[in-house]
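Please open the model in your viewer and keep the sequence panel beside it, since this tour moves from one selection to the next.

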Amino acid sequence: MTNFAGSMTPDGCPVELYALLPAGAAPQLIHEAIPAEASILELGAGAGRITHPLMKLGHKVVAVDESAAMLAHIKGAETIESRIEDLDLKRKFDVVLLMSHLIEKPDIGQARAFLKTCRSHVSHEGQVLIQRDPPDRDYTAEPPFRRVVAEGCTISMRDLNRIGPDLLSFTIEYQIGDSVWRQSVINRRLDDKSLKRELYTTGMELAGFLTPNRSWIQARPIGSIRS
């Protein structure tokens, strides 16, 4: 991290910056895939980038994040401060969201713990929506990029390297005005075969994809998929 004076989350993310990021197309994509007025458990909700649009679309959202500073930006939804792997609400939801590529954590045990939390909180007829990198995309062949993501805020990605058969490392940099935040990231690529295995291990099965590039995954509890 360089020259960033704002609040930080336990894993080193800048809270004020995340509060500025736009929702993009994700809320509408989710809305079209789920029942009207669905109950949603959003894991790793951050500052409410997706929470608020989903609420406006008529859904009841429970937002979970380990950062109280992030959750303070969320208005109108029930918020719960917790690590995803520690969550045990003893409640079921129509939809559980695991976004922001959390499934691609390099620690397989942690990623599996996230999926177990999803399974324990989704209703038998419900669904879990998961976001990952497109499995067929070759990021190492792409040039570094820099783009404006919000007024006064830019994001850059560079130093992309394949450091193992399924591991990618890269540097991501956000800038707000004169403040800069930089972080090294390692992601574990998850192909369809590995995805199905991890879902099965945690009591779920693949129901389909929401996007042609297969970056948005729809999973359901084993035995609930109707032919």
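Select strands E2 and E3 in this predicted model, and you will find them running parallel and joined by four bridges. Within this pair, highlight Val-64, whose bridge partner in E3 is Ile-80.

Keep E2 (residues 60-65) selected and colour it by accessibility: the strand is mostly covered, with five of its six residues buried. Now add strand E1 (residues 39-43), which runs parallel to E2 and is joined to E2 by five bridges; here Ser-39 stands opposite Lys-60 of E2. If you also show helix H3 (residues 51-56), you can follow a right-handed β-α-β unit made by E1, H3 and E2.

From the end of E3 (78-81), move into the loop that leads to strand E4 (93-98), where Asp-86 lies. Asp-86 counts as partly exposed because its relative accessible area is 45%, a value between the limits of 20% for buried and 50% for exposed. A distance drawn between the C-alpha atoms of Asp-86 and Phe-114 should read 9.0 Å, although the two residues are 28 apart along the chain.

Phe-114 is one of the buried residues of helix H5, together with Ala-111, Leu-115, Thr-117, Cys-118 and His-121. These residues lie on the same side of H5, because they cover an arc of only 155° around the axis. Show their surroundings next, and you will see them packing against E1, E4, strand E5 (122-131), strand E9 (179-188), helix H6 (192-201) and strand E10 (204-209).

Finish at the start of H5, where a side-chain oxygen of Asp-107 comes within 2.9 Å of the backbone nitrogen of Gly-109.

Definitions and conventions
Residues are numbered from 1 along each chain as its sequence is written. This is a predicted model: local features need pLDDT of at least 70, side-chain atom pairs count only at pLDDT 80 or more; totals for chains, interfaces and linings use all residues. Side-chain values use heavy atoms; hydrogens and water are left out. Helices (H or I, at least four residues) and strands (E, at least two) are DSSP runs, numbered from the N terminus. Buried means under 20% relative accessible area, exposed over 50%, partly exposed in between (1.4 Å probe, protein chains only). Two strands pair if DSSP finds at least two bridges between them. A crossover is right-handed if, with the strands pointing away from the viewer, the path from the first strand over the helix to the second runs clockwise. The arc is that of the directions from the helix axis to the C-beta atoms. Contact means heavy atoms within 4.5 Å. A polar contact is a pair of N or O atoms within 3.5 Å; within protein, one must be able to donate a hydrogen and the other to accept it, and residues adjacent in sequence count only if both atoms are side-chain atoms.
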